[in-house]
Amino acid sequence: MKPALLTVLVSSLALAAPRPARDTADVGKQWDYSVGIFNPLRLAIVDGVELEANPLVFFVAPNVNSRFRILGGPVRLTAEAGLSLPTLAMRLMKGFFFPSWETSTNDVGWMLVPRVGALVSGTVLEHSVWTARADAAFRVPLGRNSAAPLNSFLAPLDLLLAAPLTGFCTRVGGAYDQALGETFRLRGEANLFVTGPQGNLTVNGASVGPIAPLSQLIVTAHLGLDIAVFKQSRLTVGVLWANYDQGQSAVVKGADGFSDRVRVRSNNFLPTLDFIWAGY
Amino acid sequence: MRLRPVVLALAATLTACEWIADPMKYTREDVPRFKAKAEHPAPPENPAALKVMAWNVKYGACRVDFWFDFWGDRTQLSTTEVEDCLSKIAALVREYDPDVLITEEIEVGSKRSAYVDMVRYLLENTNLRYAMYAATWESRYVPSEGVGRINLGNAIHSRYPITKAERIRQADRTDQDVLTATFYLHRGIARAEVDIGNGRTVAIYGVHTEAYDQDGTKQKQIVQLHELAQAETLPWLMGGDFNELPPVCDERADAGTPESCAGKLRLTEFLDERASSKGTEFAQPPYTPSVMKRFYDDFNPSITLARYGVGEAAQQRYFTHSVLGPDSKNDEMVPGNWNRTLDYLFIRRSDGWRDTDVIQGPGPFGVTQDAIRLSDHAPVVGTWELR
């Protein structure tokens with residue numbers, strides 16, 4: 001059933017040109033838009049200026065990001081600036097990712113998370129694009145906060161909450177997006193993140209000492225395939241690899257038959273999937 | 001704010017390299033042995049007796065109240081809290097200076113206990129030179145209350161070489177939904193063979209049975225322990241947290257009958273049970289001390305029932321557990337204190353005991369550390385005379 005549906009979708013294409021590369025420095029013309037289930041809603045309000053927000057979490061974590069074309073031409077430069085207020089969403093995660101704090105006054109504190117970034121993209125051949133990017137997000141506390149870093153195994157979630165929970169999250173990364181005919185695009189991306197330290201554990205407003213330190217370095221790579229469907233939309237599938245310190249240890253046996261426990265970095269592989277609807 | 005196009009629901013099944021929650025599908029298997037790197041004094045050669053201790057060390061939290069205690073809501077500790085607590089636990093162990101130490105609720109890489117390898121910590125900070133560890137709960141992320149990564153189990157430390165280390169699986173609970181059961185403990189028994197010289201080997205069992213089941217799992221686990229001890233061919237010691245009261249009486253007996261527990265043994269309404277815990281998954285299930293009778297009938301307990309006595313006034317000297325610490329008060333403003341016995345040491349009938357006790361606080365055996373501030377369980381100790 002699924003292959004048949006895919007065949008119908010792909011065969012209904014208006015195959016004039018490949019879909020444009022995603023997540024590049026390219027900023028659309030006025031009223032260009034795209035939105036995915038997980039990918040943000042992006043709308044060009046004027047030529048060269050886009051606003052984006054993630055609708056999936058918008059009402060519990062208001063967020064907006066703006067993109068400004070600084071430089072056009074073969075090599076494009078775009079600046080980004082954004083702001084989010086993640087507190088309510090984090091409070092909804094209490095009981096699962098954060099303590100419920102039933103007997104104390106601890107809670108996830110109010111905070112703002114501003115973000116700035118820059119992207120540079122260039123076109124290779126006719127439809128393939130390389131992109132380099134750097135960005136940083138910071139926590140601006142607006143009150144007392146007891147929430148500690150998640151240190152989970154879900155890299156996207158840990159990265160999403162890195163700035164709110166560790167104080168900052170910076171990234172440098174690069175991507176290459178290759179058109180494969182008019183239907184497919186293959187995209188590879190690698191990122192290096194540096195988060196803030198684990199910080200102190202705060203109980204009822206007072207520190208009870210440092211949280212166990214973990215490496216602040218997170219490495220990710222993503223390989224994805226975009227499949228053009230309908231006139232301007234696409235289905236994206238891929239796999240994300242993340243390598244970072246999750247407190248994992250491994251037992252190493254010595255020649256004398258006795259073992260030692262050593263800390264190791266964890267590797268996670270996560271499937272990625274989205275449907276992105278676009279108009280331009 | 002950006003979200004990667006990740007289907008989180010699929011993540012749990014497709015992540016690689018490490019179990020999200022180790023189902024512990026084994027019946028009986030070897031586990032690693034560890035050796036101290038620090039130089040410790042050699043133990044006496046060819047000993048006629050071994051000083052032993054069993055202690056539930058509450059993952060190095062001392063008296064920090066966690067959420068499932070209902071007196072607090074903590075889910076993790078700072079490094080300084082863990083190091084401070086472990087240093088005191090190690091100090092008490094050094095003061096008593098056992099030849100064999102059995103620990104339960106010891107952790108080797110849990111988020112809540114600052115990822116400290118407590119087995120290694122005790123190896124390097126006591127006179128114990130060898131250790132083994134049997135994990136009973138190993139998950140890379142326990143979602144409840146953000147507990148996160150956990151690796152908890154039973155350990156056995158020894159001054160004499162551990163020549164074989166294994167863990168033996170116990171029955172799982174059957175009264176939990178699939179999701180809860182997946183991320184829950186899978187109880188197991190630590191077993192170590194210790195070479196005490198001159199061709200003599202002894203078997204040590206570290207045990208910790210279920211605490212919260214409503215389906216008879218704990219009783220099954222206790223019966224399994226008894227069967228294992230009966231089948232053991234080496235001189236053996238079994239110690240740990242049985243989560244059960246001594247069989248002073250039979251909880252099934254009608255009031256007024258000689259076996260009735262009325263006036264002999266408190267079965268419910270302990271001073272550290274918070275009303276808000278009732279009806280939750282952490283409510284104290286009814287105790288069934290009768291299941292422990294087989295141990296007293298067939299083996300040699302460190303504290304006999306005659307010594308334990310009848311009624312709280314006599315028994316409190318041997319209480320080993322209190323959820324509530326002495327610096328906290330219950331809803332009736334009564335400070336916490338040891339209020340029941342859950343921890344035991346047993347050996348085979350043909351061996352003997354001397355100098356057995358429960359170290360409830362400073363005093364006995366020259367101990368200066370205050371055990372009631374170091375864990376929610378007290379160490380049970382004795383000298384095991386090998387015959």
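Here are three short exercises on chain B and its contact with chain A, all worked on a predicted model.

**Exercise 1. Work out how long helix α5 of chain B is and which of its residues are buried.**

Step 1: α5(B) covers residues 217-231, so count 15 residues at 1.5 Å a residue, taking one less than the number of residues. The expected span is 21 Å, and the helix does reach 21 Å from its first C-alpha to its last.

Step 2: Now pick out the buried positions, using 20 or more other C-beta atoms within 10 Å as the cut-off. You get B:T217, B:K218, B:Q221, B:I222, B:L225, B:H226 and B:A229.

Step 3: Look at the spacing. Residues three or four places apart in an α-helix point the same way, because there are 3.6 residues a turn.

Step 4: Ask what lies over those buried residues: the cover includes β8, β9, β10, α6 and β12 of chain B.

**Exercise 2. Trace how β9(B) pairs with β8(B) and with β10(B).**

Step 1: On one side, β8(B) and β9(B) run antiparallel, joined by seven bridges. They form a hairpin with two residues between them, and B:N198 in the turn has a positive phi of about 60 degrees. B:G197 has B:R200 as its bridge partner.

Step 2: With β10(B), β9(B) runs parallel through six bridges, and B:H208 stands opposite B:D241.

Step 3: Add the helix back in: β9(B), α5(B) and β10(B) make a right-handed β-α-β unit.

**Exercise 3. Describe the side of chain B that touches chain A.**

Step 1: Count the contacts: 43 residues of chain B meet 56 of chain A.

Step 2: Find the top contributor, which is α1(B) with four residues.

Step 3: Sort the chain B side by type: 20 nonpolar, ten polar and 13 charged.

Notes:
Residues numbered from 1 in each chain as written. Chains lettered and ligands numbered in written order. Predicted model: local features only at pLDDT ≥ 70, side-chain atom pairs only at ≥ 80, totals over all residues. Buried ≥ 20, exposed ≤ 12 C-beta atoms within 10 Å, placed from the backbone. Contact = placed C-beta atoms within 7 Å. Pairing = 2+ DSSP bridges. Right-handed = clockwise from strand over helix to strand, strands pointing away. Nonpolar A, V, L, I, M, F, W, Y, C, P; charged D, E, K, R; others polar.
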